[in-house]
Amino acid sequence: MAPRCWRWWHWSVWPRTRPPPARSTPSSHQQFSTQEQTPQICVVGSGPAGFYTAQHLLKHHARAHVDIYEKQLVPFGLVRFGVAPDHPEVKNVINTFTQTARSDRCAFYGSVVVGRDVTVPELREAYHAVVLSYGAESHQALEIPGEELPGVFSARAFVGWYNGLPENRETSLLQLAPDLSCDTAVILGQGNVALDVARILLTPPEHLEKTDITEAALGVLRQSRVKTVWIVGRRGPLQVAFTIKELREMIQLPGTRPILDPADFSGLQDRIKEAPRPRKRLMELLLRTATEKPGAQEAARQVLASRAWGLRFFRSPQQVLPSPDGQQVAGIRLAITRLEGVGEATRAVPTGDTEDLPCGLVLSSVGYKSRPIDPSVPFDPKLGIIPNVEGWVVDVPGLYCSGWVKRGPTGVIATTMTDSFHTSQTLLQDLKAGLLPSGPRPGYSAVEALLRSRGVRPVSFSDWEKLDAEEVSRGQGAGKPREKLLDPQEMLRLLGR
């Protein structure tokens, strides 16, 4: 039986063996000839979803031309601004993306805000197909009293701060200025981002000096007095969202010791026997860390540790508590929860009891969130996605989506790669089936005229490579892979603008 409402169709839940809803060839167009013409395609967003989409299209269609639009001056999205600085191996995908951008059938246009500088309908007029791959640039609000207090930040903002994300073209560095003079920090959420943030807070600064962390952030971290970080989750150990790699890094973090309550893991040994292997290995590591006595070497290391981190389970944020003068966070009130339901339906419900946890810094890591990009594009605010069937935006011919804006902010870069390939496949199948407009389309030449008339001057990929060389040069003196440029105005000056 077909879904009752098209807004809920989504590639991740639509059975792949079942064909998507019937779609007719646009009556005003003849079937697109894949042999004779050059499909003009544009991708909005230059993170992993955008580049993987472009890569697949170029590889599987010998004549396709792909233009990538990006609101930042520089490419690579979450790989540059989201991946932790101490995870350089994850950033190696930039090499692949660079090869894609250097193709003579691909062009990059940075510093172009789609929805403001050019609209989606204007892009649809200029191209045979448009793919929205702009990710999730916002965060889920806590929606609790005190959330607006100084000392409360989203993990997204904190990650952007230490990774050098310019919030927009009018300001230089995101004006986060976190105060790390407190003893205790609380992170709400138990995913990989939460562990990234905890790890950066607790890593000895000298271990970060050879990474691409910004010098401004490193300077603040050198002065940090944070000694304890609590990572708080609404549910229990079985429901944590982080992966074993990130957990192992926390356990082995120099100068720190874990704080885990063995009572939280009571009875888990039998329950994990039937779990899938990755989840089982993760739970076994948690269990060993919480319940087994460490060996002599590890015990000696923990005794010398000056910092600590801990996992608090069955706790849901209820209120951020202010200092007596109301000018700063002083703690957080947590509702104690219990679990109801089984499997994926397990949810945390409050017991009625609460607990106050003193702290001077609260970081909310309860999820990223996509925003609508243009009034002409359908958007589901509840799911935070563009309604789609395997990447095709429902009821909008020639419009597609990939990545987090397609499926929600879940998974790792490899997940996004597979997801983006699926969208590209859908687009190419539609092209072959004659579901896209026929006849030539002007592509960037039409958009260029619009941008020029609006005073917008895009940044090319060769421009980026000049900025890249400057960053690498600045980093060499300090033994870093690069020293990131933070100020868009400085970037433009370096480009002779």
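This is the transcript of a short group-meeting talk on the predicted model of one protein chain.

Good morning. The structure before you is a predicted model, and I shall move from the overall fold to individual residues.

Let me begin with the chain as a whole. It contains 16 helices and 18 strands. Its radius of gyration is 24 Å, close to the 23 Å that the globule rule gives for 497 residues, so the chain is as compact as a globular protein of that length. The C-alpha trace spans about 70 × 60 × 45 Å along its principal axes. Of the 497 residues, 54% are buried.

I turn next to one helix. How many of the nine residues of helix 5 are buried? The count is nine of nine, so helix 5, residues 155-163, is largely enclosed by the rest of the structure. The buried residues are Ala155, Arg156, Ala157, Phe158, Val159, Gly160, Trp161, Tyr162 and Asn163. Please note that a charged residue, Arg156, is among them. After helix 5 comes Gly164, which has a positive phi near 75°.

Two residues of helix 5, Ala155 and Arg156, bring us to the internal space of the model, for both help to line the largest cavity. The search of the whole structure finds one cavity of 30 Å³ or more, and the largest cavity holds about 30 Å³ of space. Besides the two residues just named, its lining consists of His139, Ser154, Ser364, Ser365, Val366, Gly367 and Tyr368. By class, three lining residues are nonpolar, five are polar and one is charged.

Val366, from that lining, also takes part in a contact across the sequence. Leu188 and Val366 are 178 residues apart along the chain, while their C-alpha atoms are separated by 6.5 Å. Leu188 belongs to strand 7, residues 184-188, and at 1% relative accessibility it counts as buried.

A further pair of this kind involves Arg271, in helix 9, residues 268-271. Its C-alpha atom and that of Leu238 are separated by 9.1 Å, with these positions 33 residues apart along the chain. Is Arg271 buried or exposed? At 56% relative accessibility, Arg271 counts as exposed.

Let us now consider the aromatic residues. A search of the whole structure finds 16 aromatic pairs. I shall take Phe51 and Phe76 as an example. Their ring centres are 5.7 Å apart and their planes stand at 35°, so the pair is tilted. To be stacked, the planes would have to be under 30 degrees apart, and to be edge-to-face, over 60. This pair links distant parts of the chain, with the two positions 25 residues apart: Phe51 is in helix 1, residues 48-60, and Phe76 is in the loop between strand 2 (65-70) and helix 2 (77-81). Phe51, at 0% relative accessibility, counts as buried, and so does Phe76, at 2%. Both belong to one aromatic cluster, together with Tyr52, Phe97, Phe108, Phe421, Phe461 and Trp464.

Another aromatic ring has a charged neighbour. Arg312 lies over the face of Trp230, at 4.7 Å from the ring centre.

From the interior I pass to an open space. The second largest pocket has a volume of about 440 Å³. It is lined by 22 residues, and the closest to its centre are Lys91, Ile94, Asn95, Asp468 and Arg482. Helix 2, helix 3 (93-101) and helix 15 (461-476) each supply at least two residues of this lining. Which classes make up the lining of the second largest pocket? Eight of the residues are nonpolar, five are polar and nine are charged.

Finally, I draw attention to two residues in loops. Glu390 has a positive phi of about 50° although it is not a glycine. It lies in the loop between strand 16 (388-389) and strand 17 (392-393). Asp395, likewise not a glycine, has a positive phi of about 70°, and it is found in the loop between strand 17 and strand 18 (399-401). Their surroundings may be set side by side: Glu390 counts as buried at 14% relative accessibility, whereas Asp395 is exposed, with a relative accessible area of 58%.

To close, I would ask you to find three places in the model: the enclosed helix 5, the tilted pair of Phe51 and Phe76, and the second largest pocket, with Lys91 among the residues closest to its centre. Thank you for your attention.

Notes
Residues numbered from 1 in each chain as written. Predicted model: local features only at pLDDT ≥ 70, side-chain atom pairs only at ≥ 80, totals over all residues. Heavy atoms only, no water. Phe/Tyr/Trp six-rings, centres within 6.5 Å; stacked < 30°, edge-to-face > 60°. Helix = DSSP H or I, 4+ residues; strand = E, 2+ residues; numbered from the N terminus. Buried < 20%, exposed > 50% of the residue type's maximum accessible area, 1.4 Å probe, protein only. Lys NZ or Arg CZ within 6 Å of the ring centre and 35° of its normal. 1 Å grid on protein atoms, 1.4 Å probe; cavity = no way out; pocket = protein on both sides within 12 Å on 5 of 7 lines; lining within 4 Å. Points joined across faces, edges and corners; volume = space filled by probe spheres on them. Rg over C-alpha atoms; globule rule 2.2 N^0.38 Å.
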